[in-house]
Each structure stands twice: as structure tokens, then as C-alpha cells.
Amino acid sequence: MLMSKKTKKILITGGVGFMGTNSAIYFYKKGWKVFLVDDCSRKGTLNNLSNLNKNIKFKFYRINVENYNKISKIISNLKPNLILHCAGQVAVTKSITDPKTDFNTNALGTFNIIESIRLYSRKSKLIFISTNKVYGSLNEKILSNKKRYIFKKSNNAIKENYQLDFYSPYGCSKGSADQYVRDYSRIYKLDTIVLRLSCVYGIKQFGIEDHGWITWLTIASYFNRKLNIYGDGKQVRDILFIDDLVRLFFIISKTKKIKNNLYNIGGGIKNSLSIIELKDILEKKLKKKIRYKNYNWRQGDQKIYISNISKVRKDLGWYPKISINKGIENVISWIKDNENNIKKILNV
Ligand SMILES: NC(=O)c1ccc[n+]([C@@H]2O[C@H](COP(=O)([O-])OP(=O)(O)OC[C@H]3O[C@@H](n4cnc5c(N)ncnc54)[C@H](O)[C@@H]3O)[C@@H](O)[C@H]2O)c1
């Protein structure tokens, strides 16, 4: 394919994962040249790869971001306009049983990328996907009603200046990467932006019990599995549908260097939901009774987390447009259309 000098290039790490795949399609449709890096360690990635092959043009590198020589060569050769760094070890549970892999992927992998940008591609903009887990268990008074936890002060959604308190190896590895990315921008004047995400869900997400709870619980309910609920099910998160997030990536790609380069991102107060509330919604939409069993709380699980998204709205004009209802309907339609594949990949 002939590429005009002006065609923009995006390099997406974790490029055949959930966020990566959705972003690849979006940027391709906007006329960008797409390059993807992934080690395909996540279930469902090979399925995403073959779907992408049928639908868009892109170049794929099957490599591990822990490999500095390989990743730095790619960045040095491509000099992408935008690097969207989504590759990651994503589960708190796995970080507790295997903290070394977690550290190598999240902390070292991210360091390899910013160091490559510093040395070989200083004009690349970097979006780094961080997490709400950097704020730990939160120092807030929490109440509860029958179905959910609530902050005692009604408007206590979490702002970017909330005290950091890395919790769990995952919190530490992501938190250290988050701080490196921020500091490389300060010290080396790189164009980086950190997004601390709450909970993102949507199509092409092969959710499992350890990561991607909304999609996982929807898939499990669809296939009549009995749900395992860790804790009392009143845990609350603000949830964001993937299309809204990808739209934000695109807004950032078009924005000149953002000085204030840190945002908490999620569905915000309007789009917050507990596990019990999700179960109720699913029972209505799937027209069935969902069976479940409660187990002990998982370590590092926040009782409630809701992002305050007023800063990103003020600076970039972005806010979520897809409601919880619409988002969950989209996920159910995707499951219906891909029943056999999902069954095979997730063994449900
Ligand atoms: N989905 C969410 O709700 C959420 C919330 C907060 C933060 N995040 C972060 O967003 C990023 C993307 O998450 P996702 O939901 O798309 O998950 P995902 O598991 O679908 O995507 C991550 C991708 O990274 C790849 N990967 C893992 N280790 C790698 C390595 N060492 N080298 C190369 N590739 C590797 C996996 O194969 C996978 O395709 C992750 O960093 C995650 O921690 C996600």
C-alpha cells in the first residue's frame, strides 16, 4: 500500500487484546497506518488477530514488551506519531501468585517503551493505560444499602490529586510505570499522557473471572453458568463502554502536547454499578434467573471506586455517551453473534 507522507502511524502494544483490537479498527477507519505488538499471552488474542486480518490492514509483531532490543528496534524504525501502550498483565489475582511476571510486563515493559521513545523517537506521543488501583483501598467513609456500597459524602468520586497508595503487586507495577511515564515527560520533555482507568467493558473482550467482570458475568449468565461472587457483591465501579474510550484515544491523538497529562477515566458517577445491580439487569435482559454463590473477598478488591471525570471533560471536552443499558445490550448481541467462538475460547 502506498503511504502518503502525511499518513499517521499508530503503534499499539497489546494490539490484539480487548482495547488494542477495538483501537486498531477505529484508527484504521480514520485513515491511520496501524502497527500492532502483542505476545498473544491472553486468551482470545488469536481469534482477534484472525478477525483483524479479515477486516483491516496492519502489520503485526509477535513480541514480548519485556524484550528491550526488539521493542526499541520497532519504535526506532517506525517513529510512530502515537504509541498506545495497552500491553499488560491485567489481573490483581495473578499479580499475587506471580509477581515477577507482573513486574516484568507492567513495570519493565513500560520502561522499555519510554526509554525507546527517549532515545529513538522523541516526537512520538505516548498514551499509557494506568489503573484506579494506584489509589489503593481509599481512605473514605463508606456506607452500604441492600445492593451497593456508597461514599458517605455523596460526591466523593476520586480526583487525580487523590493520595497514591499502591496496593497489590499489580498496583505497584502499574503505579511505578505510571510514575515513570509522568516523570519522563517532566524530565525529558516527552509527550506522554497517563489515563487511570476504572472499569472498561465491551465487545471483543474475552472477560474472565480475574479481569473484565462485566463481560465475564454477562457471558457466564448467557451460558447458564452459576456465578462465583467474591465478597458480598455490593462492590461498585464506574463502568465505561469501549467505544467511548477509543473515542477519547482519538481526541488525544489530535490534541497538541497536553501539559496536565494525567486523567482519571471511567463512566463517572452516572455510570456506576454494583455486581448485584448487574445481576439484576442481566436477569431482566436475558429473561432468566441467575444462580450465584458468594465466596471470600479477594485481596486488594476496593469496595467502591468511582472516577471523577470532570477534569477530562473540562480539558478535552470528552465524556461518556453510551449508557449502561446500551453497553450491556451491545455485549449481549456480540455474545449472540459469536456464541461458538466464545464458548470454545473461554471454555464456558
Ligand atoms: N479493561 C479494564 O477494565 C482495565 C482497567 C484498568 C486498566 N486496564 C489496563 O488496560 C490495558 C489493556 O487492557 P485490556 O482490558 O485490553 O486487556 P487485554 O488482556 O485484553 O489486553 C492486554 C494485551 O496485552 C498482551 N500482553 C500481555 N503481556 C504482554 C507482554 N509481556 N508483551 C506483549 N504483550 C503482552 C496480552 O496478550 C493482551 O492482548 C492493560 O494494561 C490493563 O492493565 C484495563
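Colleague: In which helix is V92 placed, and why does this residue count as buried?

Modeller: In this predicted model, V92 belongs to helix α4. A residue is called buried when 20 or more other C-beta atoms lie within 10 Å of its own. V92 has 22 such neighbours, so it counts as buried.

Colleague: What does V92 touch beyond the residues up to four places away in sequence?

Modeller: Setting those aside, V92 touches K133, S168, Y170 and G300. Another distant part of the chain is D301, which lies 209 residues from V92 along the chain, while their C-alpha atoms are separated by 8.6 Å.

Colleague: K94 is also placed in helix α4. Why is K94 called partly exposed?

Modeller: The partly exposed class lies between the exposed limit of 12 or fewer neighbours and the buried limit of 20 or more. K94 has 16 C-beta neighbours inside 10 Å, and therefore counts as partly exposed. Leaving aside neighbours within four places in sequence, K94 is in contact with Q89, D102 and D210. K94 and P169 are 75 residues apart in sequence, and their C-alpha atoms are 9.1 Å apart in space.

Colleague: P169 is part of helix α6. Why does the end-to-end distance of α6 agree with its number of residues?

Modeller: Helix α6 covers residues 168–188, which makes 21 residues. At 1.5 Å a residue, the expected span is 30 Å. The C-alpha atoms at its ends are 29 Å apart, so the distance agrees with the expectation.

Colleague: Which residues of α6 are buried, and what covers them?

Modeller: The buried residues of α6 include S168, P169, Y170, G171, V181, Y184 and S185. The elements that cover the buried residues of this helix include α4, α5, β5 and β8. After α6 comes K189, whose phi is positive, near 60°.

Colleague: Helix α8 offers another case. What is its span, and what span is expected?

Modeller: Helix α8, residues 242–254, has 13 residues. From its first C-alpha to its last, α8 reaches 19 Å, close to the 18 Å expected at 1.5 Å a residue. Its buried residues are I242, D244, L245, V246, L248, F249 and I252.

Colleague: Why do residues three or four places apart in an α-helix point the same way?

Modeller: An α-helix has 3.6 residues a turn, so residues at that spacing point the same way. In α8, L245, L248, F249 and I252 are among the buried residues.

Colleague: Which residue of the nonpolar core is in contact with F249 and I252?

Modeller: That residue is I127, which is in contact with L82, L84, H85, I193, L195, F249 and I252, leaving aside its neighbours within four places in sequence. I127 and I10 have the most contacts inside the largest nonpolar core, which has 86 residues. Helix α7 gives the most to this core, with 7 residues.

Colleague: K314 is placed in helix α10. Why is K314 called exposed?

Modeller: A residue is exposed if 12 or fewer other C-beta atoms lie within 10 Å. K314 has 9, and so it is exposed. The C-alpha atoms of K314 and V246, 68 residues apart along the chain, are separated by 18 Å.

Colleague: K204 and C40 lie in loops. Why is K204 called buried, and why is C40 called partly exposed?

Modeller: K204, in the loop between β9 and α7, has 21 other C-beta atoms within 10 Å and is therefore buried. C40, in the loop between β2 and α2, has 16 such neighbours and so counts as partly exposed. K204 has a positive phi of about 65° although it is not a glycine. The phi of C40 is near 60°, again a positive value in a residue other than glycine.

Colleague: What surrounds the ligand?

Modeller: The shell holds 28 residues, the closest being G14, G17, F18, R42 and G88. Two or more residues each come from α1, α5, β5 and β9. Helix α1 gives the largest share, 3 residues. By class, the shell divides into 12 nonpolar, 12 polar and 4 charged residues.

Colleague: Finally, why is the whole protein called as compact as a globular protein of its length?

Modeller: The protein has 12 helices and 15 strands. Its radius of gyration is 19 Å, close to the 20 Å that the globule rule gives for 348 residues, so the description holds. Buried residues make up 46% of the 348 residues.

Terms used:
Residues are numbered from 1 along each chain as its sequence is written. This is a predicted model: local features need pLDDT of at least 70, side-chain atom pairs count only at pLDDT 80 or more; totals for chains, interfaces and linings use all residues. Helices (H or I, at least four residues) and strands (E, at least two) are DSSP runs, numbered from the N terminus. The expected span of a helix is 1.5 Å times one less than its number of residues. Two residues are in contact if their C-beta atoms, placed from the backbone, lie within 7 Å. A residue is near a molecule or strand if its C-beta atom, placed from the backbone, lies within 6 Å of it. Ala, Val, Leu, Ile, Met, Phe, Trp, Tyr, Cys and Pro count as nonpolar, Asp, Glu, Lys and Arg as charged, and the others, Gly among them, as polar. A nonpolar core is a set of buried Ala, Val, Leu, Ile, Met, Phe, Trp, Tyr and Cys residues joined through C-beta atoms within 7 Å. The radius of gyration is taken over C-alpha atoms; the globule rule is 2.2 Å times the number of residues to the power 0.38.
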